[in-house]
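Here is a quick walk through a protein model, written for someone who would rather look than calculate. Keep the structure open and click along.

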Amino acid sequence: MLESLGQFLTQLGIRLSSSKTKVKPKTNLIKPFIYTVSLVIVLLLSGHAWGQDSEPSRLELTGIDTSTLPIISLRLIGVQSNGQRIDTTQTPIEIQHGAETISQEQFVSIDEESVGTLTLVLLDTPSGVAAELVGIQEAVQIFAGNEESSYMVERMDTFGIYAVDFSDPKILLEPTFFRNSVINWLADEPPIQEGSTALYDSLDSLLGQVDGLKPRPEMIASIVVFTDGTDSVSTRTDEVSVIQKAVDLNVPIHTVHLNNSLIFNPDEGQRFLQNLSDRTGGYYTELNQEGINLLWGTVSSLGRQIVIRYRPAEPVPGNVPIAARMRDYPTVEAFTSAQFPADQLKVEFGLEEYFQTAVMPDLAQPLEISIPVEVSWLDGRERAISTAQVLRNGEFVAELPVSEDGLATADVSLTGLAYGPNEIILAVMDENGNRGNSSALTLNVAPGDSLIVPEPIAAGRSFSFGRSWLFGLIGIIVLLAVAAYWILFSGAGGKQIKIADLFSSAFSSKPRRRSRSSEFQQPDEYNLASAGPGASFGDETAVSVQTPDDSGMNYWLDVIDSDGTDPISLPLIGLEQRLGRSPSKADLSFEKEQTVSRIHATFAREANSYRLYDEQSTAGTYVNGVPLPDYGQMLVNGDEIQMGALVLRFRQS
């Protein structure tokens, strides 16, 4: 450390010599010297090992699922150099799929999922650390905790305890995911180990067992060593080899230094433990409550991983290299590859939104739905479908009839739904035995007074193309007949209606559905610069800017009920404001509102008010309890607007 400090001071023009020699700063470097000394003091008092920081250290791909083509799922975790989990909301990820780069903004979804951890404790307790045994018990108790307060998530996290032995570690507590098993082990003090113990050899052996002890392959495993840091009898391996093996296996080694009353100078053991943790991405601490809490917090954070779902532009057969990297740190990346057979099935629901919300007054009644389905093969050739099944929350619901023309919809009666999110999956097998699954459709069920089924999956809303063109032709003939009758025989006061009058009436000004142009340009006088582009409302506090318009009125949206947004008043400014869940697409975004679609509704300025349009949202848009018509609705002061769980009040002032 002193060497590094000396080099740093030398770069500033300050020479650090022996303790008897005074440090002589240059006359123009007094302030840099003061700043440097302050920095050193802060680092020494921080309690962390020198060299630990929060810069990204590595990304680890823990799983890939290609069975849901054309959507691919990647499971990964990022770890900082101090062992802490990386928050990917602050460090965006991008995927390299073959030659195609897919940014985080293009992902179908990015979710956090708890997968649990595997933690293996290795105790090195010779007679000199007898005074530390109670502290070890208390440290393990902090991890196991109880149902109200615990780092250990029962039936999710796995925890085992071993003792350093002459060669291989000895099992004290078989790895378990039951909290009571850990607490029962704590009834007695950890044993004192007699004779020589081989710390390096025991660590090396335990590292070799890690993969076989994982209950789930995607888990991150950690080793926590309680030791004084000395080892004099290992013969099979050494410190450098142990560190390299841990790095190759992506297993962080966290270390807790124990004071050994029989060791006169503990510095050597401390340096070894600090180096071991630093080099393997672990955390080092003394045996105290603050350090132990930080240690367990670091370990438990690794149980939360992210699942990225993305859609390649053109998935092709063959072996495709795939990489995940941090956009701001391109050198921090992880690699894998996936094999795509030419006859691999592609199964997906024909929906824009894979999150739908239904309202059910009674869960005992079945929910009739009809989901559009698209089934194809990677090489573009058509094959026969032998079976198609619908799964709800992983359980079989129904087998769908498959015609010679294939499968266009999944018509199913769902029972056994629960309030909250329910996952619906379509599993398909073709004539050659190839299998494919759709990505999960999340059906959020909410309680209510009457049944409401989202339009995209409402039963009876669709029918086969063979019938649709016939009904369409009949409809056109009927419309032509009615138009001919009006042209020839209708009129006011005996005067016939002219064809020109019909065209004039057809194109006269009336309420109508607005254009769906995504390239809407606002005049300069209505720009939103003062409020910030794409204002987002979730846990953050938004500042409402009162901007007068040409009518002398101001328009506001008051949040009066919500799942994820505090009560707040938002200004409506300009000619058009899009509201939704997506920060990148909506002008007013509510990221925490899961029942709000990415682009849910639009407020369009007309005369001295705003007209509200629904943008084919999943949950629909209601004004004073009435669904919006296609041509929208003019808002008046006090109108109550409902979009899923989000309830707003339109206000003019």
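What follows starts with the whole chain, then moves to two helices, a pair of buried strand residues, the cavities and a few backbone oddities.

**The chain overall**

Bear in mind that this is a predicted model. The protein chain holds 10 helices and 37 strands. Of its 653 residues, 45% are buried. Among contacts with a separation of 6 or more, 69% join residues that sit 24 or more positions apart. As for the outside, the chain exposes about 33,800 Å², and carbon and sulfur atoms supply 52% of that area.

**Two helices**

Let's take α5 first, which covers residues 199-213. How far apart should its ends be, and how far apart are they? At 1.5 Å a residue, the 15 residues of α5 should span 21 Å, and the end C-alpha atoms are 20 Å apart, so the two values agree. Plenty of α5 is tucked away: Leu199, Tyr200, Asp201, Ser202, Leu203, Asp204, Ser205, Leu206, Leu207 and Val210 are its buried residues. That list includes Asp201 and Asp204 alongside leucines such as Leu203 and Leu206. What do these buried residues pack against? Their partners are the strands β6 (117-123), β7, β9 (220-227) and β10 (253-257), plus the helices α6 (239-249) and α7 (267-280).

Helix α8 runs over residues 289-301. With 13 residues, α8 reaches 18 Å from its first C-alpha to its last, close to the 18 Å expected. Its buried residues are Gly291, Ile292, Leu295, Trp296, Thr298, Val299, Ser300 and Ser301.

**Asn444 and Thr357**

Now zoom in on two residues that touch each other. Asparagine 444 belongs to strand β23 (residues 441-447), while threonine 357 belongs to strand β16 (residues 355-360). Is asparagine 444 buried or exposed? Its relative accessibility is 13%, and that is why asparagine 444 counts as buried: the cut-off is under 20%. Threonine 357 comes in at 10%, so this residue counts as buried too.

Leaving out residues up to four places away in sequence, asparagine 444 touches Phe355, Gln356, Thr357, Ala358, Gly420, Pro421 and Thr595. With its own neighbours within four places set aside, threonine 357 is in contact with Asn444, Pro454, Thr595, Thr618 and Ala619. Thr595 therefore turns up on both contact lists, where contact means heavy atoms within 4.5 Å. The backbones meet here as well: the C-alpha atoms of threonine 357 and valine 445 are separated by 5.9 Å, although the two residues are 88 residues apart along the chain.

**The cavities**

How many cavities of 30 Å³ or more are there? The count comes to 2. The table puts them next to each other.

| Cavity | Volume | Lining by class |
|---|---|---|
| Largest | about 40 Å³ | 2 nonpolar, 5 polar and 2 charged residues |
| Second largest | about 30 Å³ | 4 nonpolar, 3 polar and 2 charged residues |

The largest cavity brings back some familiar names. Its lining is made of Glu353, Phe355, Thr357, Arg581, Gln594, Thr595, Val596, Ser597 and Thr618. So where does threonine 357 fit in? Threonine 357 is one of the lining residues, and its contacts include Thr595 and Thr618, which also line that cavity.

The second largest cavity is lined by Leu76, Ile77, Gly78, Arg85, Ile86, Thr88, Arg304, Gln305 and Ile306. The elements that give two or more residues to this lining are β2 (72-80) and β12 (304-310).

**Backbone oddities**

Three spots are worth a click. The peptide bond from leucine 69 to proline 70 is cis, with omega near 10°. Proline 70 lies in the loop between β1 (56-65) and β2.

Arginine 155 has a positive phi of about 65° even though this residue is not a glycine. You'll find arginine 155 in the loop between α3 (133-144) and β7 (158-163). It has a relative accessible area of 60%, so arginine 155 is exposed.

Asparagine 624 is another non-glycine residue with a positive phi, near 55°. It sits in the loop between β33 (622-623) and β34 (626-627). Because its relative accessible area is 46%, asparagine 624 is classed as partly exposed.

Key. Residues are numbered from 1 along each chain as its sequence is written. This is a predicted model: local features need pLDDT of at least 70, side-chain atom pairs count only at pLDDT 80 or more; totals for chains, interfaces and linings use all residues. Side-chain values use heavy atoms; hydrogens and water are left out. On a 1 Å grid over the protein atoms alone, a cavity is a set of points where a 1.4 Å probe fits but cannot get out, and a pocket is an open set with protein on both sides within 12 Å along at least five of seven lines; lining residues have an atom within 4 Å of a point. Grid points are joined across faces, edges and corners, and a volume is the space filled by probe spheres set on the points. Ala, Val, Leu, Ile, Met, Phe, Trp, Tyr, Cys and Pro count as nonpolar, Asp, Glu, Lys and Arg as charged, and the others, Gly among them, as polar. Helices (H or I, at least four residues) and strands (E, at least two) are DSSP runs, numbered from the N terminus. The expected span of a helix is 1.5 Å times one less than its number of residues. Buried means under 20% relative accessible area, exposed over 50%, partly exposed in between (1.4 Å probe, protein chains only). Accessible areas come from the Shrake-Rupley method with a 1.4 Å probe; for residues, only the protein chains shown count as cover.
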